[in-house]
Amino acid sequence: MAGPMKMRATTTGGTTEVRVLMTHPMTTAQSGQALHFIQNITVKQNGKAVVEAEISQAVSRNPVFSFRLKGGAKGDKIEVSWLDNKGETNKIETAVA
Amino acid sequence: MRWLQLAIAGALICTPVFAQDAKKEIQKYQQMIADGSPVELFELEGEALWKKPQGPNNVSLEKCDLGHGAGVVKGAYARLPRYFKDADRVMDLEARLLHCMTTLQGRSREEATKRVFGNENQPSEMEYLSAYVASQSRGVKLAAGTSHPKEKEAYELGKALFFHRAGGWDMSCASCHGEENKRIRMQELPVMSKPQFARPIMATWPAYRVSNSQFKTMQWRINDCFRQMRYPEPKFASDATIALNTFLTVTAAGEPYRGPGTKR
Amino acid sequence: MRSALVFAICSIFCTAALAQDVQKVLQRDFQARGQATMDRVVQDGLQRLCTDTNDRPPGDVARQLEADQMKTIAFPAGNLVGDWKNGERIAQNGRGLQWTDPAGATGGGSCYNCHQISPQETSHGTLGPSLLKFGWMRGSGPEMQRYVYGKIYNAKAYNLCSTMPRLGHSGTLTPEQIKDLVGLLLDPASPVNK
Amino acid sequence: MTRRSLLAVLGLLLAKPLTVLAAWNEQAFGAKTAADALKSIGATAAAPSKDILIEAPQIAENGAVVPIEISSNIPGTTSIAVVIEKNPFPLAGKFDFKENALPFVKLNVKMGETSDVRVVAVAGGKQFVATREIKVTIGGCGG
C-alpha cells in the first residue's frame, strides 16, 4: 500500500507552479535492502501529459518535485502519477489555485 | 622563517573569508532542503492517526486535551510544556500524548511506549502525531508555562541539568551548546541557554532529518544528545527530559513557531 | 550588606542543594542501556567541582585535583610516536562508549568533531584548538611525546575543567591507539606537519 | 464485503495491467560511468551552454538529500537530464517537457561523495551541457 502524496498547484503571473510530495523509500542497491524506487513520473494538465520523467534510485527518499507550466488557469486539473520498479503506482489530483 | 611559512599557510587555510563563504553556502543548503522538504507527508499521516480509533476503548485522540480544552489542537503545541492539573505534572507534547493514549484510549503505558522512536522504514506513532500537532501551531508564539510552581521548578531543574557535568566523557549540554561560534564537524552549535540561539531552534522542532529520512521529536533530540554525551539513557517522557525541554522552550519564548522543520 | 551576605550563603548552599536534587533526578529518570551503566551519572570529584563552579574552580583545589588526575596516567616506556595513518583513522572515528556501541569494541577518539587536524579534512569542529602543524611547531622530542600522550589519556590532568574527554582514563582508547594519535600529531611524515 | 466493493476491487486489479507501460531506459540508468550514461542518452557531443541554470548549494551537509533546481533558457528545450559524475549509477533522471510545461525541475538527489553534476538539455535536436561541482561534507558527531 503506497503512502500518501501531497500536491499544491498555484498560478501567479502567467506561470503555474506544481509542487508534489511522494511517500516512497527509494532504496538503492548499496543500502543492503531490496532495490525499490520510483522509475516513472507523469504530470498531466486537464488530462494531457505535460511532463514525463524517468528517474533513478539516486532521487532522495520521499521525493519532492517542482515543475512549472506556462499559463494555466485557476481550476485546471493537475494530476501527478508515479510507477515504481515493483509495479506499484499512486496518483494525486488537484485543481490549480 | 618557519613562522612566516606557517602564517602564510594559516592565512590560506583559515581565512575568515573561506569560513564565511562556507557558512553562507551551508545556510543556503539548509534553506533549500527546507523548501524541498517532504515533512508535510508526516503531518498528513499524523492527522489520520489522530482521528483513528485505537486501543481497548476504540476511540481516537480527537478528545485529547492538549491544554486548550478537549480536542483543541490549534495553537496547543506552542504552549507546551505546561502544567496539567489532571496529571499534577508538567508535560511536554509526547508526555501529554502518552497521557491521552492511556486515559482516553485505555492503552497500557507499556504498549504505548513500546516503540517511541521509529526508523526510516517505519516511523513511530509519536513521530507522526508530533508532526501533526506541532504543525497546527504554525505562526503561534512559543509560550511554555512559567507561572505554576511546578513549571518554575521544571525550568530550574532543566537549567541545572543543562550545566550538569557527568557521564563517561564528563560532559554537560553546555560542553557543546555553551559557547558562541563553535562547530562539531561542519555542524554549527547553537548556545541553547541564550534566547537568540534557542529561538530559531525551538521554533523548528520537531523536525524531519534528511540525513536519515526520519521525522524526529524533541524527546528523541534530548535522548540522542545524552547518548553522544556517553550517559545512560533518559527514560521517555521522564521529568528530567521534560524539565530540559521546559528550560529550552522558556528560553526561546516569544518566537513564532514555524515547524515542523527540516534539518541536515 | 545583609542581602549580600544572604546571597553569599545562598550561592554556597543553594547550588549544593540543587546539585543533590539533580543527582536524585538522574538516578530516578535515567536507565542503564548497553555499556552505558548507571554509575556514569554519579559525579566524581572533578565533575562535581566543575559543575558547582561553572568550570572556574579555585586555583589551589584545581592544582590538587589535577595532580590526582596525573597519577591516573600510566606512561608506556620508550618511543610514544605510533603509526600516524592508523592515528588518522582513530581521529576520524566517532564511536565508542555509547549505548549503541558494542562493549569492548575498539572505538575512536572523535577528534575531528572538535579539532582541525590534517589539512585534507575540511569537515572539522572548532570546540577545541586547531592542531594543524602541531609537531612542526613544537618538535617531537620525548617531553612533547609525553605531553601529547598524557593530554589525550587524561586531559583533566592539565586543565581540570577542560571540555576534552579523558580518552584513556575513561577506557575509550587503548594505549596503542593513543600512541597512534601521538604519531598523527608529531610524526614529521604525518599530513598534520606537511 | 459488498458485491459492489468487490467489483470495484476487481476493477482496480484489472485496470492495473492496462495502464500504459511507461518506458524506462534501462541501459542509460544502468550505466556505471558518466561517459556511458551520456552515450546512452545520445549526449556525447553536447555543447557547453550558459543558458542552462543550475541552482544548488556549493556545500551539502548531507549527501542523502542534495537539492537541485534546474531551468533552461535555451529556446525550444524539450528535455533535461541530470548526471552525477561520481555516483555508482550516474544518471539520476531525465525529464521530457511537452505542451505547456516549462523546462524547469526542482528535485532532491543522493550523492555518495563530492562530485560534478552535469545537466544535459535537448533543444531543436541539439544537445547542450552545463556542469556544477557540489561538495558533500560530514556533519554531526559521527557516532
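Reader: In which strand of chain D does D:Asp96 lie?
Author: In this predicted model, the strand in question covers residues 91-97 of chain D. D:Asp96 therefore belongs to strand β6(D).

Reader: Is D:Asp96 buried, exposed or partly exposed?
Author: Around D:Asp96, 18 other C-beta atoms lie within 10 Å. A buried residue needs 20 or more, and an exposed one has 12 or fewer. The count of 18 falls in between, so D:Asp96 is partly exposed.

Reader: Leaving aside its neighbours within four places in sequence, with which residues is D:Asp96 in contact?
Author: Contact is judged by C-beta atoms within 7 Å. With neighbours within four places in sequence set aside, the contacts of D:Asp96 are A:Val51, A:Glu52, D:Thr78 and D:Ser79.

Reader: How many bridges join strand β4 of chain A to β6(D)?
Author: Strand β4 of chain A spans residues 48-55 and runs antiparallel to β6(D). A:Ile55 stands opposite D:Gly93 in β6(D). The number of bridges joining β4 of chain A to β6(D) is five.

Reader: Which residue in β6(D) is the bridge partner of D:Val83?
Author: Strand β5 of chain D, residues 77-84, is joined to β6(D) by five bridges and runs antiparallel to it. A hairpin through six residues connects β5(D) to β6(D). In β6(D), the partner of D:Val83 is D:Leu91.

Reader: Why is β6(D) described as largely enclosed by the rest of the structure?
Author: The strand β6(D) has seven residues, and the description rests on their burial. It is largely enclosed because the number of its residues that are buried is six of the seven.

Reader: Which are the edge strands of the open sheet of six strands?
Author: The sheet has the order β1(A)-β2(A)-β5(A)-β7(D)-β4(D)-β2(D), with antiparallel pairing. An edge strand pairs on one side only, and the two edge strands are β1 (5-12) of chain A and β2 (52-55) of chain D.

Reader: Which residue in β5(A) stands opposite A:Thr15?
Author: Strand β2 of chain A, residues 15-22, and strand β5 of chain A, residues 64-70, run antiparallel and are joined by seven bridges. Opposite A:Thr15 in β5(A) stands A:Lys70.

Reader: How many of the 12 residues of α8(C) are buried?
Author: Helix α8 of chain C, residues 175-186, reaches 16 Å from its first C-alpha to its last. Its buried residues include C:Gln177, C:Ile178 and C:Leu186, and what covers the buried residues includes α4, α6 and α7 of chain C. The helix is largely enclosed by the rest of the structure, because the buried residues number 10 of the 12.

Technical notes. Residues numbered from 1 in each chain as written. Chains lettered and ligands numbered in written order. Predicted model: local features only at pLDDT ≥ 70, side-chain atom pairs only at ≥ 80, totals over all residues. Helix = DSSP H or I, 4+ residues; strand = E, 2+ residues; numbered from the N terminus. Expected span 1.5 Å × (residues − 1). Contact = placed C-beta atoms within 7 Å. Pairing = 2+ DSSP bridges.
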